[in-house]
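User: I should like a close look at one part of this protein, set within the wider architecture of the chain. Please take the charged pairs as the centre of the discussion.

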Amino acid sequence: MLFRSTTILLAISSSALAFNIGGKRQSPLSRPTVSPKKAVAIPLDTPTPSVSAPDLSETKLDPKDDWIRNLDYDGFAKEVSALGKELRKNTGDEDVDHLYKIVNWRNMAAVFGLATIWLPVNPLTVAALSTWTYASWTMIAHHTCHGGYNRVDAGRFNSRGFALGALNRVVDWLDWMQPEAWNIEHNRLHHYRLNEAKDPDLVQRNLDFIRDGKYPRFLKYVVVAFFLPIWKWFYYAPNTYKEMKTNEWVRSGKELPEGYDPELAVTVVSMLDPGRKATRKIVKPLDFYKNVVGPMFLGRYVAIPAALALIPGVGPTLAVRALTSLVLAELLTNVHAFVTIVTNHAGDDMYTFDDAVRPNSGSFYVRQIIGSVNYDTGDDVTDFWHGWLNYQIEHHVWPDLSMLQYQRGAPKLKAICEKYGVPYVQENVFERTRKTIDVMVGRSSMRPFPTQFEPADHKIADSGLTWKSTNGAIEDGSA
């Protein structure tokens, strides 16, 4: 009994630096240093080129795209924008209470997983540890880093300081990705260049080495299956870091190294490729291992087993059990995240785009909707297991809302889309997984959108958007 109590206390104390355990409100002393600005993921204004509208009356469209020809972009934008303002205005204490409810669910999974990690390997412990990691990213960090709780007093959960810097990373969100890098790759590039060439998460482009591979298709499915349980540390962590270092390089005024392709994805293997010397000038492998994946590896896979290994007699056995459970949980959380994240913007019914449009224009709203997909929605339990990624359409239209407001806004946005004839795709997550993998292996392809039908004054230069940032956190667009 004493041994079990000691182990549980050890596990809980080990987890205390990895998440907040406490009541509904935190004192100001427990919060990270934040700016008084209500930061949200909005870019600064970018000049639009002067382009005259082409005559498209005789241009043929695929029957599936007929809805595009007579779309009222201005009317659609007006209603979508008004709904977004309503949802932001309605954000308040109820949203904070809802956030802390989700945080507590995450904490219960973490405590259970850590308190039982010394037991023989079992599915309950593995599932709890996996849920701890998954919920910390997809629900808590995701919406906090987008500024979803900046309009309310939500304690630590403010994008101006959440997970930024070494200590806050350990306390708020310890994962393979460096939060500062993820803020740039995800909040900026992915959200505001969705399914364009400059979208670092464009599945069809990133997996072209599989799609175009000259080997049997069944082997392509095997390759995809191999990457499913390792994709976060193998691809996502290095690629988000690459985007941050590229951004820093450009902001310093230096020209990119000769031969460097900023749109080419980076993995833990490709950054060591002798033929990619230009990549290593920007993405230095030792810095990546030390600053990006090192904290997660040491904090999760070394520190916890090492603490158990110190227990006299049975320590080594308990450490092996703990490490095994942690590794299995890592594999599981990767698969869980793949199924609910990677599938959000891929499939033969999702569109790609060959140019860029102005944020919050009618064309921008349309692109976010027809380039995203929702899963089953409706209640906290369903949404929790989907990581709130089942509201991806609403999230891309309004990136800076709380989880609760996405629940409330989804049926209203869907009704607006039906009114204007804009496709609103909502499907079971496993069907979306099938469609995504079909794109990955080259069995199907995404739909190219006829961007010439978009209003000319919605277009922006290919150089993209101008941002103002502080340590990776995105400020508002009024500065």
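In which helix do Glu 248 and Lys 245 both lie, and how many residues apart are they?

Analyst: Both Glu 248 and Lys 245 lie in helix H11, and they are three residues apart, about one turn of the helix. The model is a predicted one, and in it the side chains of these two residues meet in a salt bridge, with an N to O distance of 2.8 Å. Side chains of opposite charge can pair when their charged atoms come close. Glu 248 has a relative accessible area of 37% and is therefore partly exposed. Lys 245, at 22% relative accessibility, also counts as partly exposed, because the buried class ends at 20%.

This pair belongs to a wider set, for the count of salt bridges comes to 25. A second example links distant parts of the chain. Glu 263 and Lys 198 meet through their side chains at 3.9 Å, N to O. Glu 263 is in the loop between helix H11 (231–251) and helix H12 (277–282), whereas Lys 198 is in the loop between helix H7 (179–192) and helix H8 (203–206), 65 residues apart. Glu 263 has a relative accessible area of 32% and is partly exposed; Lys 198, with 30%, is partly exposed as well.

A third pair has a buried setting. Glu 454 and Lys 459 form a salt bridge at 2.5 Å, N to O. With a relative accessible area of 5%, Glu 454 is buried, and Lys 459 is buried at 12%. Through salt bridges that share partners, Glu 454 and Lys 459 are joined with Arg 193, Glu 196, Asp 355 and Arg 367 in one network.

The surroundings of these pairs can be described from the chain as a whole. The protein chain has 19 helices and six strands. Of its 479 residues, 58% are buried. Among contacts between residues at least 6 apart in sequence, 76% join residues at least 24 apart.

The largest nonpolar core holds 121 residues, and the members that touch the most others are Trp 67, Phe 76, Trp 137, Trp 173, Trp 231, Leu 413 and Val 422. Helix H5 (residues 123–145) gives the most to this core, with 10 residues. Trp 67 serves as an example: beyond its neighbours within four places in sequence, Trp 67 is in contact with Tyr 351, Val 366, Ile 370, Gly 421, Val 422, Pro 423 and Phe 449.

At the surface, the protein chain exposes about 20,300 Å², of which carbon and sulfur atoms supply 61%. Val 121, Leu 323, Val 327, Leu 328 and Leu 331 make a nonpolar surface patch of about 350 Å². One of these residues, Leu 323, lies in helix H14 (residues 315–341) and counts as partly exposed at 35% relative accessibility.

Confidence varies along the model. The mean pLDDT of the protein chain is 88, and 84% of its residues reach 70 or more. Over residues 1–42, however, the pLDDT is below 50, and this stretch has 95 contacts in the model beyond near neighbours in sequence. Residues 470–479 also have a pLDDT below 50, with 40 contacts in the model beyond near neighbours in sequence.

Conventions
Residues numbered from 1 in each chain as written. Predicted model: local features only at pLDDT ≥ 70, side-chain atom pairs only at ≥ 80, totals over all residues. Heavy atoms only, no water. Core = buried A, V, L, I, M, F, W, Y, C linked by side-chain atoms within 4.5 Å. Buried < 20%, exposed > 50% of the residue type's maximum accessible area, 1.4 Å probe, protein only. Helix = DSSP H or I, 4+ residues; strand = E, 2+ residues; numbered from the N terminus. Contact = heavy atoms within 4.5 Å. pLDDT = per-residue confidence, 0-100. Patch = residues over 30% accessible without salt bridge, like charges linked within 9 Å, V, L, I, M, F, W, Y side chains within 5 Å. Areas by Shrake-Rupley, 256 points an atom, 1.4 Å probe, with all protein chains shown as cover. Salt bridge = Lys/Arg side-chain N within 4 Å of Asp/Glu carboxyl O.
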